[in-house]
Amino acid sequence: MTPKYLPPGPRGWPVVGNIFSLVAGHRFLTMTEWAKTYGPVYRIQLGKETMIVLSGYDVIYEALVKRGEDFSSRPASPIVKLTNPKRIGIITAPFGSPWKEHRKFTLMSLREFGFGKRSLEGKILEESVALQAEILKMGNKPFDISRMVQNAVTNVICSIVFGSRFEYNDGKFTRLMDALDQAFSTNIFGQLAIFFPILQRVPGMRRGPQIIVDAVGTIKTYIREEMDSHKETFDSNDIRDLIDSYVRETKSRENDDETTFTDEYTEMVLFDLFIAGSETTSTTLYWAFMYMILNPDIQRKVQEEIYSVLGHDKPPSTAHRAQMPYTEAVLTEVARIGTIAPTSVFHATSRDTSFHGYHIPEGMTVVTNLWSVHHDPEHFPNPEKFAPCLSLLGRSGTVPEGRSRHAVWYRSTHVPGEAAGRDGALRALHFSAAALHLQTARGRYQAFHNRNQRHHSFAQELRTHR
Ligand code: HEM
């Protein structure tokens, strides 16, 4: 088939293109609607930038797994130009050797420091105990759980990266949390000013981008301070955490003029882990709490399953996962229905590519609409309904690799790239989310159980408190 140049797409306004349709509402819903008219591969225009949007399981799988080498780059988007102009690190780095090398090194080191090993479980359990204590401090008052969860999740990442956790009221830690919040809090004006930098000359329009730049600066300063103190106490016989791994590797390559193992790179990789790991995991847990509150029957079944496996005092571990298929199905459903990264991280073509009869030039932004997969009525008859489904799970109780088309939701957060390389593949995350959830629900339950000698559910109690 002779490739046509680019696919068709919705008409936009002169100069701005489709930007107002996207910043006004939820862009993933608008994109899902557009796919009904223009098909699973279509084009949108944001200012001068043309983007390709991919929808549905088949097309996304084909691009990110079967054609992973072609679709595994990242665009030099306006937000990247603002926050990482050299495009180093992992998440926003283009396809190529430095990205591959750092991603491989980071994953290897993370494994060494716990991801996928029991030591991570210990860190998560320690943190879940601290989280329970915070929850119990609230007594009978209504409270907002979000900052507590974010503290706990970020602390797990701190333990792995920096080798230590922080007290939740530590001033430095609070500033880090505030900066993480601000890094994700652009409003519509901020988005427009980032996309059309000329608007930053309009009084007041510089504020949004500046907040992000300042937040990024705060997080990086913090990382830099940790790197400096690690260097002062570095002992090659005692590698304590991810920073030490990087210090060791950087030292071993000191005489290599081409090396990318520099302080600048290390700082950006660590920054990426904070940005990628904290907000995503926290938000997934908020959804989990919310669906448990809204569905007390489901919550009760989860609790019963947990107790049947762990009793009332045994800590959970990945080894128990297969024994808790219902809990696994519930967490799976939380991730599906919430789809907390609905348009994922934008990809870009790493070379000129022919796809579905179109010619997509190198460097073009490619948006994978994961929402369209997880809410596809063909696979989920009532996609907006929270309906944990055991039949999605394999005999082991976990989602089988490549067995079910429906399993794509689970895999699409990280896996499309896994075969191809651009994945993040830090699956232990799913365990972290599960363990925190289990422990918290369990601790909360136990506290009430002990006090009232009755089986209350966490959600029912929270409701009563409101
Ligand atoms: C439920 C929690 C999480 C969700 C939903 C999530 C989702 C995602 C998504 C959608 C991507 C983009 C994949 C793609 O390029 O197609 C991604 C990339 C990434 N994630 Fe996660 N993530 C989560 C937790 C974490 C954690 C805990 C870490 C590490 C501490 C992490 C590290 C990364 C990294 C480094 C990348 C970039 C990979 C690359 O560009 O090569 N993620 N994640």
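This report describes the sheet, two helix pairs and two loop residues of a predicted model.

**Overall make-up**

The protein has 466 residues, of which 40% count as buried. Its secondary structure comes to 20 helices and 6 strands. Among contacts in the protein with a separation of 6 or more, 71% are between residues 24 or more positions apart.

**The sheet**

Four strands form an open sheet in the order S1-S2-S6-S3, and the pairing in this sheet is mixed. S1 and S3 (347–348) stand at the edges with a single partner strand each, so one side of each has no neighbour in the sheet. Strands of a sheet pair through backbone hydrogen bonds, in either a parallel or an antiparallel sense. The table lists the strand pairs of this sheet.

| Strand pair | Sense | Bridges | Residues standing opposite or bridged |
|---|---|---|---|
| S1 and S2 | antiparallel | 6 bridges | Val41 and Leu54 |
| S2 and S6 | parallel | 5 bridges | Ser55 and Asn369 |
| S3 and S6 | antiparallel | 2 bridges | His347 and Val366; Ala348 and Thr365 |

Strand S1 covers residues 41–46 and strand S2 covers residues 49–55. Together S1 and S2 form a hairpin with 2 residues between them. Gly47, in the turn of that hairpin, has a positive phi of about 60°.

From S2 the sheet continues to S6, as the strand order S1-S2-S6-S3 shows. The pairing of S2 with S6 is parallel, with Ser55 opposite Asn369. On S3, the partner of S6 in an antiparallel pairing, His347 stands opposite Val366, and Ala348 has Thr365 as its bridge partner.

Strand S6 spans residues 365–369. Of its 5 residues, 5 are buried, so S6 is largely enclosed by the rest of the structure. The burial applies to both faces of S6: Thr365, Val367 and Asn369 are buried on one side, and Val366 and Thr368 are buried on the other.

A helix also lies against this part of the protein. Helix H3, made of residues 57–66, lies across S1, S2 and S6. The direction of H3 is at about 115° to S2.

**Helix H15 and its two partners**

Helix H15 (residues 325–338) packs with helix H13 (residues 263–294) at an angle of about 110°, and their axes are 9 Å apart. That angle makes H13 roughly perpendicular to H15. The crossing of H13 past H15 is right-handed. On the H13 side, Thr284, Trp287, Ala288 and Tyr291 take part in the contact, and they meet Leu331, Val334, Ala335 and Gly338 in H15. By class, this contact of H13 with H15 has 6 nonpolar, 2 polar and no charged residues.

Helix H14 (residues 296–310) also crosses H15, at roughly 140°, and the axes of the two come within 8 Å. H14 and H15 are therefore oblique to each other. The crossing of H14 past H15 is left-handed. In this contact, Ile298, Lys301, Val302, Glu305 and Ile306 of H14 meet Tyr326, Thr327 and Val330 of H15. The residues in the contact of H14 with H15 divide into 5 nonpolar, 1 polar and 2 charged.

**Two loop residues with positive phi**

Most residues other than glycine have a negative phi. Ser344 has a positive phi near 50° although it is a residue other than glycine. Ser344 is found in the loop between H15 and S3. Because Ser344 has 22 C-beta neighbours inside 10 Å, and 20 or more are needed, Ser344 counts as buried.

His356, another residue other than glycine, also has a positive phi near 50°. His356 lies in the loop between strand S4 (353–355) and strand S5 (358–360). With 17 C-beta neighbours inside 10 Å, His356 counts as partly exposed.

Conventions:
Residues are numbered from 1 along each chain as its sequence is written. This is a predicted model: local features need pLDDT of at least 70, side-chain atom pairs count only at pLDDT 80 or more; totals for chains, interfaces and linings use all residues. Two strands pair if DSSP finds at least two bridges between them. Axes are lines fitted to C-alpha atoms, for helices over the stretch in contact, and angles run from 0 to 180 degrees between N-to-C directions. Angles under 35 degrees count as roughly parallel, over 145 as roughly antiparallel, 65 to 115 as roughly perpendicular and the rest as oblique. A crossing is left-handed if the near helix is turned anticlockwise from the far one by less than a right angle, and right-handed if clockwise. Two residues are in contact if their C-beta atoms, placed from the backbone, lie within 7 Å. Ala, Val, Leu, Ile, Met, Phe, Trp, Tyr, Cys and Pro count as nonpolar, Asp, Glu, Lys and Arg as charged, and the others, Gly among them, as polar. A residue is buried if 20 or more other C-beta atoms lie within 10 Å of its own, exposed if 12 or fewer, and partly exposed in between; C-beta atoms are placed from the backbone.
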